[in-house]
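Biologist: I've got the model open and I'd like to talk through its sheets. Can you walk me through them?

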Amino acid sequence: VFTVLDAPEDIDVLSNRKETGNLIQEFCLVEGFEGSGLQWPEFSDKSTVWTKLKLPVIAKPIDACGTDDSHWMSLYRSFNTRFLPKDDSIVQKFYEHYGILYKVYVIGRQVEIVARPSISNRDYEPDTFLHRFNTHKFKLSEGDLSAERLEEAEIRISPLRSLIESFALKLKDRLNLTWFGIDVIIPEEDANDCDENDLVDRNTIKAAVIDINYMPGYAGITNLPEKLIKAVRPDI
C-alpha cells in the first residue's frame, strides 16, 4: 500500500519560478504579509521590460527543479547586450543582504530556520558586470557560517522569526504540501551602493522571499528522521 503525501498538481505549483513569484506576491498581499514587510521582490521575465528593474538583478531559470540548469543563476551588476538572460528566465531585483541566506524548512507543522552563506555584490571587482554561479556548488564551496557569523545571523532573524514562521505555515495550508523549503534574505538598510529611493524600498521590505522549492535537502536540521516521521504520521 502506497501513501501519496502530496498531489503532483500541488507540487507542480513550485516547479515554475514565474508562477511561484506571482503566487507569493498575491499571497503576501491578501494575507497581510506585505504590510508587515515580507514579500517576493519585484521581478519580470525576459519578454517584458525587465531592464527597468534597478541594478543589480539576478536572473534565474523559470524551471525551478528537474535539471542542473535549474540551479544556475546570474548576478547582473550592469547590462551588457552580449550576455542577456535566456528567454526561459525570470529577472529578480537583488538586495544586498549581509551575505546571509536563511533556509526556512517546513516539515509538516514544524518550521526550522538555518542560516547559510550567500552571495554578495561586494565580493566582485567594480568592472565585473556578470557573475554566474550554481547554488548547489556554491553551498559546497562556501561551507557553513562561522560561529561569529551564525550569532550575527541569529540576531538579525530574531525579531522576524515569528513573522516568517507564520508565513511558512499559512503558505503550507495554501499550497497543501507536506514539506518544502523557503529561501529568505534580510535586505540591508544602509548599503553604500544604493541611492535614496532604493533605501526607501529596502526599509519597506524587512525580509524577502526569493525562492521556494519542494522537499529540499534539509542540511543542518537536527533529529531529521524523527521530524520527517512526525510530518508523515503526526499521530505517532
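Modeller: First a term: buried means under 20% relative accessible area, exposed over 50%, and partly exposed in between (1.4 Å probe, protein chains only). This is a predicted model, where local features need pLDDT of at least 70, side-chain atom pairs count only at pLDDT 80 or more, and totals for chains, interfaces and linings use all residues. Residues are numbered from 1 along each chain as its sequence is written, and side-chain values use heavy atoms, with hydrogens and water left out.

Biologist: Is S89 buried or exposed?

Modeller: S89 lies in strand β5 (residues 89–93); helices (H or I, at least four residues) and strands (E, at least two) are DSSP runs, numbered from the N terminus. Its relative accessible area is 7%. That is under the 20% cut-off, so S89 is buried.

Biologist: Which residues is S89 in contact with, leaving aside its neighbours within four places in sequence?

Modeller: Contact means heavy atoms within 4.5 Å. With those sequence neighbours set aside, the list for S89 is D45, K46, K60, P61 and I62.

Biologist: What is the order of the open sheet with antiparallel pairing?

Modeller: Two strands pair if DSSP finds at least two bridges between them. β3 (residues 57–61) and β4 (residues 72–76) run antiparallel, joined by three bridges, while β4 and β8 (residues 130–134) pair in the antiparallel sense over five. The order of this five-strand sheet is β2-β5-β3-β4-β8.

Biologist: Which residue in β8 stands opposite L75?

Modeller: Take the neighbouring pair as a guide: Y76 has L130 as its bridge partner in β8. For L75, the residue opposite is H131.

Biologist: How many of the five residues of β4 are buried?

Modeller: β4 has bridges to β3 and to β8. The strand is mostly covered, and its buried count is four.

Biologist: What is the order of the sheet with mixed pairing?

Modeller: Within this sheet, β9 (residues 179–185) and β10 (residues 207–214) run antiparallel with six bridges, and V184 stands opposite V209 in β10. The sheet is open and has five strands, in the order β1-β10-β9-β6-β7.

Biologist: At about what angle does helix α5 run to β9?

Modeller: Axes are lines fitted to C-alpha atoms, for helices over the stretch in contact, and angles run from 0 to 180 degrees between N-to-C directions. Helix α5 (residues 161–175) lies across β1, β6, β7, β9 and β10. Its angle to β9 is about 140°.
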